[in-house]
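Biologist: I'd like to learn how to read a sheet and a ligand site in a model. Could you walk me through one?

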Amino acid sequence: MEKKSALDINNLKLIFHHISDLVFLIRVVDLQHYEIEAINEGYLGNYQTTKEDISGKRIEEFLGVDQGIKAIRRFQEAIIRRETLQFEEAYTFPEQGYRMFDITLVPIIEGNTVANLIGTAKDITEKRINEEQLVQSEKLSVVGQLAAGIAHELKNPLTSLKGFLKLIDFENKNPDIERYIKVMDTEFTRIEQIIEEFLVLAKPNKINFCHHRIDDIIEEVIELLNAQANMESIVLTTEYPDTLPQVYCESNQLKQVFINIIKNAIEASDDGGNITISINTSGEHIQVSIRDHGEGISKEDINKLGSPFYTTKKHGTGLGLAICKRIIEKHKGQLVIDSSIGHGTEITVILPINFT
Ligand SMILES: Nc1ncnc2c1ncn2[C@@H]1O[C@H](COP(=O)(O)OP(=O)(O)OP(=O)(O)O)[C@@H](O)[C@H]1O
Ligand SMILES: [Mg+2]
């Protein structure tokens, strides 16, 4: 009996339709016109459509005019060069939004013409995001090393400067000089704060994870920041449910997170503004949202937030949110930023209640 070929038509169909990458066959009508002849089902779910809808469709009907033209340029390049083309390109779909693909296009040459193109497109969006996160964490570790060095170098001279300033203050009787001493003291304290912020980035000091109530932590933070808020007539309002679970966390670090976020909200708000701090639980997570009605952040700038040294403030160091991100990562949580220009900003910290 004749042995059945391993690659009979059914097997080929099975392979074709179950490959998770996008595989497609394009019919070249002429250099300007291309039709989709076949496309595998493995990826079809992404397009809210069925194979029948797509077959015979022009590429612009499938991808939209602008993206269709972008694809046609690539098809033309493969045809003219008569060689396999490999490139990375982003496309946007109604359901999936922005996706980045690694695409290979193979021109099928019959006689003297290219009658078809076979394409494969691998979705590499997540891979790219992960790579970017890696770059980001490498940046942070460089900042960490830098911080340790700078803190070490600066702390000693700063201590002697502060000591001598105290001595001058003690001996001084002149009220003018008294004013200068006050300014110098404030500035020294600011330098010390910056060094401390650097140190949190370099290595979180004493880590002591325990069960705490988030509302207690928030109350302490509000107590700390109320003076600053009051000076600008900004009201800090809280909204908590009656019962809240305890969260396994490093309370000093979480305090630092909420201080940085609420400070940003105060700095973004106009005099007389209102900032709402609300806590909600959902399933295994607790969410703390800080909402302000300040200037807001544009879509482009949201992506820059949390990069060390990114700041739009004259006296900002741009470390506030970078520190928050790092601490929240250590708690296996997430930082979600929702903002639009003119409408204000909502920053949500999502923490697992019982992470170990
Ligand atoms: N609630 C907010 N509303 C508007 N813009 C904000 C808000 N929070 C953060 N930003 C923007 O993000 C930038 C980075 O914030 P981040 O806290 O990291 O640094 P910073 O506040 O500038 O400096 P600092 O190190 O003193 O905190 C800010 O400069 C600001 O442009
Ligand atoms: Mg800040």
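Modeller: Sure, let's begin with one pair: I277 has I290 in β10 as its bridge partner. This is a predicted model, where local features need pLDDT of at least 70, side-chain atom pairs count only at pLDDT 80 or more, and totals for chains, interfaces and linings use all residues. Residues are numbered from 1 along each chain as written, chains are lettered from A and ligands numbered from 1 in written order, and side-chain values use heavy atoms, without hydrogens and water.

Biologist: In which sense do β9 and β10 pair?

Modeller: Strands of a sheet pair through backbone hydrogen bonds, either parallel or antiparallel. Here β9 (residues 274–282) and β10 (residues 285–292) are antiparallel, over seven bridges. Strands are DSSP runs of E, at least two residues, and helices are runs of H or I, at least four, numbered from the N terminus; two strands pair if DSSP finds at least two bridges between them. The hairpin of β9 and β10 has two residues between the strands, and G283 takes a positive phi near 60 degrees there.

Biologist: What stands opposite I290 and R291 in β12?

Modeller: In a regular strand the side chains alternate between the two faces of the sheet. In this case I290 stands opposite I347, while R291 faces E346 across the pairing. β10 and β12 (residues 344–352) are antiparallel too, with eight bridges.

Biologist: What is the strand order of the open sheet?

Modeller: Its five strands run β7-β9-β10-β12-β11, with mixed pairing. β7 (235–239) and β11 (334–340) are the edge strands, each pairing on one side only. From one strand to the next the twist averages 15 degrees; axes are lines fitted to C-alpha atoms, for helices over the stretch in contact, and angles run from 0 to 180 degrees between N-to-C directions.

Biologist: And which residues are closest to ligand 1?

Modeller: Being near means having a heavy atom within 4 Å. By that rule 18 residues surround ligand 1, the closest being N264, T311, T312, K313 and T317. The largest share of this shell, four residues, comes from α8.

Biologist: How far is an oxygen atom of ligand 1 from the side chain of T312?

Modeller: For a polar contact, look for a pair of N or O atoms within 3.5 Å. An N or O atom in the T312 side chain is 2.4 Å from a ligand 1 oxygen, and for a polar backbone atom of L321 the distance is 2.8 Å.

Conventions. Polar contact = N/O pair within 3.5 Å; in protein donor to acceptor, adjacent residues only side chain to side chain.
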